[in-house]
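Me: Please take a close look at one part of this structure for me. Pick the sheet, and walk me through how it is put together and what surrounds it.

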Amino acid sequence: MNLDFFQQYDICAFTPEYLKDVGEVTKVVVSEGEDHMISMTMRAFRSNLCKFYSIDYGSLRKKYGQIIESVNCIPLPINGNKIFLQLKVRTPEFRSDCAMGYLDLGSIAEVKEHKDRNRTQIRLRCGRKLEALCSIGTVNKHIKNAKLVLEHYRNEKGCGPYPEVLEKMYSNMDKPATKADILILAREILTLKNSLKDYENGV
């Protein structure tokens with residue numbers, strides 16, 4: 001897989017899928033444009049994502065698993081502004097079959113309870129919709145854990161706590177942006193640019 005994919009697209013979610021006559025692939029939802037079907041398993045795609053961002057996934061799982069006191073569904077922080085939480089998105093068809101997908105915390109626009117309480121509807125800011133095969137309470141728990149891990153990650157990297165004001169701005173995307181909103185967004189973009197420069201310079 002060409003790792004430039006991760007620099008070219010803003011990934012909102014990636015989930016395991018089955019394609020007839022192909023087998024297991026990974027569906028990648030991006031903020032702009034059509035979904036991508038990548039001819040590799042979700043675990044392989046995640047491995048490539050971690051490789052691109054120089055992430056030791058095993059160490060990360062152990063470290064953040066202790067913070068949220070869990071050995072499963074460990075959030076995956078990419079940088080100080082982006083973290084993926086895990087959610088069950090399909091029923092396994094055989095042992096060791098992948099049932100979990102990854103969803104970017106910042107891409108979530110709305111979490112809504114399904115008529116079947118064992119399912120939850122999730123609307124993304126890009127307009128796509130996903131369905132999690134778990135209760136809304138479970139989804140909210142994973143969201144809370146992702147926020148906790150991201151806050152710890154930001155403090156560790158010297159970014160400071162995740163700005164709640166930015167989160168409030170995201171929750172009101174249907175309203176006109178104020179000067180304060182634009183200033184916050186500009187600061188976040190600058191932080192992201194600096195992170196990319198550090199990555200390119202091998203820092």
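Reply: Start with the whole chain. The protein has 203 residues, and buried ones make up 38% of them. The model is a predicted one. Its secondary structure comes to 6 helices and 9 strands. About 12,100 Å² is exposed, with carbon and sulfur atoms supplying 49% of that area. Take the contacts between residues at least 6 apart in sequence: 47% of them join residues at least 24 apart.

Now the sheet. It is open and built from 6 strands. The order reads S3-S2-S1-S6-S5-S4, with antiparallel pairing. Strand S3 (36–38) and strand S4 (76–79) are the edges, each pairing on one side only. On average, neighbouring strands are turned by 25 degrees against each other, direction ignored.

Next, strand S6. This strand covers residues 100–104 and pairs with strand S5, residues 82–88. The two run antiparallel and share 5 bridges. In this pairing, Gln-86 has Tyr-102 of S6 as its bridge partner. Lys-88 stands opposite Met-100, also in S6. S6 is joined to S1 as well, by 2 bridges, again in the antiparallel sense. Here Phe-14 is the residue opposite Tyr-102. Tyr-102 of S6 therefore faces Gln-86 and Phe-14, in a strand with 4 of its 5 residues buried. That count is why S6 can be called largely enclosed by the rest of the structure. As a general point, side chains in a regular strand alternate between the two faces of the sheet.

Two helices pack on this sheet. Helix H2, residues 42–52, touches S1, S2, S3, S4, S5 and S6. Its direction makes about 150 degrees with that of S1. Helix H3, residues 57–68, touches S4, S5 and S6. The direction of H3 makes about 115 degrees with that of S4.

Finish at the loop between strand S1 (11–19) and strand S2 (23–30). Val-22 is found there. Val-22 counts as exposed because its relative accessibility is 52%, and the cut-off for exposed is over 50%. Val-22 also belongs to a nonpolar surface patch, along with Leu-19 and Met-37. Together the three have about 250 Å² of accessible area.

Key: Residues are numbered from 1 along each chain as its sequence is written. This is a predicted model: local features need pLDDT of at least 70, side-chain atom pairs count only at pLDDT 80 or more; totals for chains, interfaces and linings use all residues. Side-chain values use heavy atoms; hydrogens and water are left out. Patches are made of residues with over 30% relative accessible area and no salt bridge: like charges are joined within 9 Å, nonpolar side chains (Val, Leu, Ile, Met, Phe, Trp, Tyr) within 5 Å. Accessible areas come from the Shrake-Rupley method with a 1.4 Å probe; for residues, only the protein chains shown count as cover. A salt bridge is a side-chain nitrogen of Lys or Arg within 4 Å of a carboxyl oxygen of Asp or Glu. Buried means under 20% relative accessible area, exposed over 50%, partly exposed in between (1.4 Å probe, protein chains only). Two strands pair if DSSP finds at least two bridges between them. Axes are lines fitted to C-alpha atoms, for helices over the stretch in contact, and angles run from 0 to 180 degrees between N-to-C directions. Contact means heavy atoms within 4.5 Å.
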